[in-house]
Amino acid sequence: MKNLVFILFFISSCFSFGQSPVYIHLTEKDGLPDIEFYDMLEDRNGFIWFAADKGLFRYDGKEFKSYSNASKKGLSVFELFEDEKGRIWCTNISGQFLYVENDKLHTFIDVSDNLKGSLANYKIINKALIIFGDGQIIKVSLADGSKKVISQKEKSVIGSPFSVPDGILFKDEKDIFKLDFNFEKTRVATATALFEDLTAKNAIPTKKTTIFQVGERLFFFHTISKENIFYTLSRKSNTLHKTRTPEILKSCLITRVIELNDKLWFLTSTGAHVFKMTNNELLYEQTYLSNEFVTKIVIDKDNNYWLTTLRNGVFIITNIYVENYNIQKSVSNVSTLEKIDEQTFAFGTVRGDIGLYNLYNNDIKILKSSSGSKVSSLSYNAYYHKLYISHDTDAYELDLKTGFFGSRLNGVGAKDLVIKGRDTLLIIGGGKSYFVARNDLEKRISFTYTLTKKRAYAGFYDKTLKNTYIATIDNLIQYDRKLIAHKILYNGAPILGKQITQTRDGIIWISTFKDGVFGIRGNQVIRHFSTDNDLVANEIVAITSDENNLWIATNKGIQLINRTTGAIKTLTKRDGIPSYKISGMIVFEDHIVCASNVGIFSVDKEKTFYSRPLPELYFTAIKIADTDTVYKPNYKLAHDQNSVRLDFRANSFQSSEHIVYQYKLNAEPFTSLDKGVDYLDLKNLKNGTYNLKLRAKNRYNNEVSPLQHISFVIALPFWQQWWFILLTLLSVVLIVYFYVRSIITKRKRLQLIEVKQLQQNNRLTSLKLENLRSQMNPHFIFNALNSIQEYIVLNQKDLASDYLGKFADLVRKYLNHSNKGSITLREEIDCLQMYLELEKLRFEDKLMFSITVDNSLDTHEIMIPTMLVQPYVENAIKHGLLHKKNQRELTILFQHSKTKNTIQCQVMDNGIGREKAGEIKNSRNPAHASFATKATDNRLQLINLNRVHKVGVHIKDLKDSNDNALGTEVTIEIPYKI
């Protein structure tokens with residue numbers, strides 16, 4: 001009655017499910033450019049190409065790129081093909097044939113007039129495009145695009161072409177033909193049976209005849225009235241005969257038949273059906289994606305299986321030997337596993353459900369708990385065929401023979417349940433760990449024995465040595481057969497264990513939260529596995545033994561350690577592992593079963609592991625100084641081109657998840673870039689030679705791809721290059737040389753100028769003295785003294801004193817001016833006034849003179865050369881007025897010439913003129929030269945020396961209309977300074 005009441009808490013249900021590979025489903029949410037695909041191809045460089053409803057696309061492991069051009073009609077493309085030049089071909093419903101070359105889509109030819117809207121098949125052989133349309137075959141030269149119709153029959157439906165080593169096979173009406181490499185068409189077999197089926201009453205052909213080959217055997221099939229009919233070619237009679245059509249293929253729509261790894265893949269509207277040919281019979285093996293319309297399958301260079309669908313995107317199987325158990329989604333979050341036997345395992349879920357899975361027939365029995373609390377631990381007692389179950393809120397037994405639930409256990413919320421013998425159970429609890437023993441047929445509790453009251457995570461009982469191990473929150477403890485506790489330390493530090501298992505050689509293995517795995521014999525650590533010796537991570541989530549080997553699940557992958565060879569193999573998501581959140585692992589003969597947050601999956605112990613060489617790295621873009629640059633292995637750059645950005649890629653599915661890029665610059669060690677970073681930005685590089693090496697490295701082991709090399713030399717700035725430095729030094733030397741030379745030359749020139757100036761000053765001094773002599777000539781002095789004597793004799797003391805004073809003042813001024821280079825205009829006028837007054841006395845008042853000065857002239861500020869005007873005034877008196885008896889008149893006029901910025905001094909007399917004066921002079925002493933005139937001319941030349949604005953003298957003879965002399969006019973142009 002007690003058992004009956006307890007079972008009411010559960011609802012039992014049974015299901016039958018199978019296993020399927022772990023798929024990655026790509027849709028538009030994942031960046032897929034379309035969900036409707038017609039064809040797919042992997043090219044020689046590892047790019048995956050897609051022919052889709054929305055166009056042509058290429059996938060490089062990270063991104064999808066679209067290809068189109070202006071002449072392309074519509075979006076959809078079909079039938080992908082790579083030719084010997086690496087060009088990717090496709091066609092469309094509009095009769096265009098296109099290809100991609102140099103990363104651009106080109107339209108090769110448009111034969112829409114021939115095809116009239118039908119989608120044609122094509123092949124490329126012997127440098128020609130062969131188009132198979134309705135009732136015609138067209139050959140197009142790849143060299144010049146010229147067309148030639150090879151075969152043409154109205155209302156004939158040509159079957160899909162099939163490539164064979166010596167040509168192309170195709171069906172045309174009643175016969176099978178071959179088109180050889182010389183484009184000759186020959187009949188190779190008759191297809192009477194197929195033709196009769198096609199032309200039978202009520203027959204409705206819905207698809208072209210398709211050919212596929214298995215070994216040496218050719219098969220043909222045709223869809224008639226929605227039923228697929230298979231034929232095989234008899235080599236003896238060269239005729240087609242009907243053969244058995246597999247039941248699963250009879251009514252589905254077959255899009256392609258592809259041979260992969262000695263198996264035939266029929267891609268249909270009901271999934272991808274896999275067959276194997278045995279004894280000339282197609283034997284069904286498995287179906288993939290049974291609910292999808294599969295259009296193409298490709299196995300890429302990394303052994304990923306790509307399957308395109310017509311309406312639901314792309315599915316990828318990264319490892320066909322990692323399979324999901326198709327259990328209900330509601331019970332997929334599995335918290336624990338327990339092996340029952342070689343055919344059965346039990347599992348518990350986070351929601352509290354218990355499941356029993358039969359590997360033989362894939363039956364699942366689900367026991368749904370009404371409590372809904374997490375199943376924390378399962379333990380199977382093979383002696384009584386009972387399963388001990390612990391929830392977070394409950395614990396009980398399940399009798400697997402009867403299906404009834406038995407007594408409740410004390411192990412509520414147990415982290416681990418460990419069987420010790422037939423009747424003793426070790427319960428590892430959240431608050432304590434203890435033994436529970438039963439000793440009668442009713443299995444009632446007889447005693448309990450507590451080992452520790454600390455929180456613990458796992459326990460293990462060594463049946464051989466009778467030792468018990470418990471991993472507590474702060475220590476790993478061994479209890480010997482006398483239950484004496486021994487703490488196990490590693491390098492003096494405690495071991496924080498999570499799970500415990502044992503290999504056949506008796507070594508106890510402890511997985512830890514963050515320190516890897518420890519191997520223990522007795523109470524001593526004898527082995528330690530960590531990231532230092534090839535574990536992918538130190539955080540261990542699950543561990544189990546397989547004979548002497550270890551299966552270890554980490555937060556970065558599942559690893560198998562072969563303890564005999566020391567080899568470590570790794571499985572990651574790249575290898576098909578659906579999740580790293582592993583809650584348990586159990587080992588069977590040829591596979592292991594893993595529980596995770598996304599369900600239960602199995603791993604084939606042998607076939608799952610295979611080598612996946614890392615894809616070669618290649619450059620996608622190069623920028624130098626922010627300018628796109630064509631790739632070259634070597635660059636020579638100017639000093640201001642010292643920033644380089646390199647974008648690169650490795651063509652591999654989800655490469656960013658399992659690849660990290662590394663670079664090495666010159667002798668530096670390799671540096672890893674962050675996850676997902678596929679570019680290198682080098683800025684502010686100094687001048688010099690840089691040898692850069694790039695590679696892709698597996699994130700989970702030490703596998704690396706082949707190196708990519710690129711080098712660049714950054715030149716010195718021109719001002720740091722040897723030729724510039726040499727030129728600069730030479731320039732400095734020349735500049736110093738010419739500078740010193742110029743200084744020496746300048747000094748010599750200054751010295752010369754100083755000498756000349758001294759000479760000039762001496763001459764000027766001499767000329768001043770000569771002028772002074774001329775002004776103080778004996779005649780003038782004699783006359784002056786005579787006049788003074790006469791005033792004295794006549795007792796005219798006042799006049800004598802006045803005259804003597806003026807004479808003394810004039811002599812003093814002349815002597816004073818003789819030491820100056822220039823005097824003011826006022827001083828010059830005053831001297832002239834004094835001189836003329838003395839001369840007037842000498843001429844007994846028979847000399848009339850006037851000195852007129854322009855009011856605009858500031859006579860006190862304007863400076864003029866010393867004794868410049870007086871010699872010309874003296875000449876006017878001496879040579880012009882002296883020989884005239886009466887009305888002697890002398891006019892001196894000082895004016896300002898604004899146009900020339902000079903003082904214009906005019907000395908005018910009404911004397912006898914220069915001509916008459918010359919005659920008198922010559923009659924008296926022809927050889928005598930005027931001393932005063934000559935001194936004045938010489939002095940004028942010295943004054944004008946080195947002057948920009950020179951003193952000018954112009955002499956004009958004044959005459960009347962009868963050419964009689966009226967006097968002389970001397971005009972002196974004097975540049976002045978203030």
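Which residue forms a salt bridge with E285, and how far apart are the closest N and O atoms? In this predicted model, the partner of E285 is K263, and the closest N and O atoms of the two are 2.9 Å apart. The pair links distant parts of the chain, since E285 belongs to strand β27 (residues 281–288) and K263 to strand β25 (residues 263–268), 22 residues apart. The points below begin with the chain as a whole and then turn to salt bridges, strands, loops and the surface.

**Overall form**

- The chain has 978 residues, and 48% of them count as buried.
- Its secondary structure comes to 11 helices and 75 strands.
- The radius of gyration of the chain is 61 Å, whereas a compact globule of 978 residues would have a value near 30 Å.
- Taken along the principal axes, the box filled by the C-alpha atoms has dimensions of roughly 190 × 95 × 50 Å.

**Salt bridges**

- The structure holds 33 salt bridges, among them the E285 and K263 pair introduced above.
- Both members of that pair count as partly exposed, E285 because its relative accessibility is 38% and K263 because its relative accessibility is 30%, values that lie between the 20% limit for buried and the 50% limit for exposed residues.
- Salt bridges that share partners also join D60, K62, E63, R649 and D678 into one network.
- Another salt bridge brings together the side chains of D39 and K296, with an N to O distance of 2.9 Å.
- D39 lies in strand β4 (residues 37–42) and K296 in strand β28 (residues 294–299), so this pair ties together parts of the chain that are 257 residues apart in sequence.
- D39 and K296 are both buried, whereas the E285 side of the bridge described at the start is partly exposed.
- E247 forms a salt bridge with K250, and the closest N and O atoms of these two residues are 3.2 Å apart.
- Within this pair, E247 is exposed, with a relative accessible area of 60%, while K250 is partly exposed, with a relative accessible area of 30%.

**A four-stranded sheet and a further strand**

- An open sheet is formed by 4 strands in the order β36-β37-β38-β39, and their pairing is antiparallel.
- The edges of this sheet are taken by β36 (375–381) and β39 (405–408), each of which has a single partner strand, so one side of each is left without a neighbour in the sheet.
- Neighbouring strands of the sheet are turned against each other by 25° on average, with direction ignored.
- Strand β38 (residues 395–399) runs antiparallel to β39, and 2 bridges join them.
- Y396 has R408 in β39 as its bridge partner.
- In general, the strands of a sheet pair through backbone hydrogen bonds, and this pairing may be parallel or antiparallel.
- Elsewhere in the chain, T627 has its place in strand β61 (residues 627–629), and T627 is partly exposed, with a relative accessible area of 45%.
- The C-alpha atoms of T627 and V644 are separated by 9.3 Å, the two residues being 17 residues apart along the chain.

**Loop residues with positive phi**

- Most residues other than glycine have a negative phi, which gives the background for the two residues listed next.
- K127, although not a glycine, has a positive phi of about 60°, and its place is in the loop between β12 (121–125) and β13 (128–133).
- K127 counts as exposed because its relative accessibility is 64%, a value above the 50% limit.
- L483 is likewise not a glycine and has a positive phi of about 65°, and this residue is found in the loop between β46 (476–479) and β47 (485–490).
- L483 counts as partly exposed, with 26% relative accessibility.

**A nonpolar surface patch**

- A nonpolar patch on the surface is formed by F718, W719, W722, W723, L726, L727 and L730, which together have about 790 Å² of accessible area.
- One of these residues, L727, lies in helix α5 (residues 722–775).
- L727 is partly exposed, with a relative accessible area of 46%, and this fits its place in the patch because patch residues need over 30% relative accessible area.

Technical notes: Residues numbered from 1 in each chain as written. Predicted model: local features only at pLDDT ≥ 70, side-chain atom pairs only at ≥ 80, totals over all residues. Heavy atoms only, no water. Patch = residues over 30% accessible without salt bridge, like charges linked within 9 Å, V, L, I, M, F, W, Y side chains within 5 Å. Areas by Shrake-Rupley, 256 points an atom, 1.4 Å probe, with all protein chains shown as cover. Salt bridge = Lys/Arg side-chain N within 4 Å of Asp/Glu carboxyl O. Buried < 20%, exposed > 50% of the residue type's maximum accessible area, 1.4 Å probe, protein only. Pairing = 2+ DSSP bridges. Axes fitted to C-alpha atoms, helices over the stretch in contact; angles between N-to-C directions. Rg over C-alpha atoms; globule rule 2.2 N^0.38 Å.
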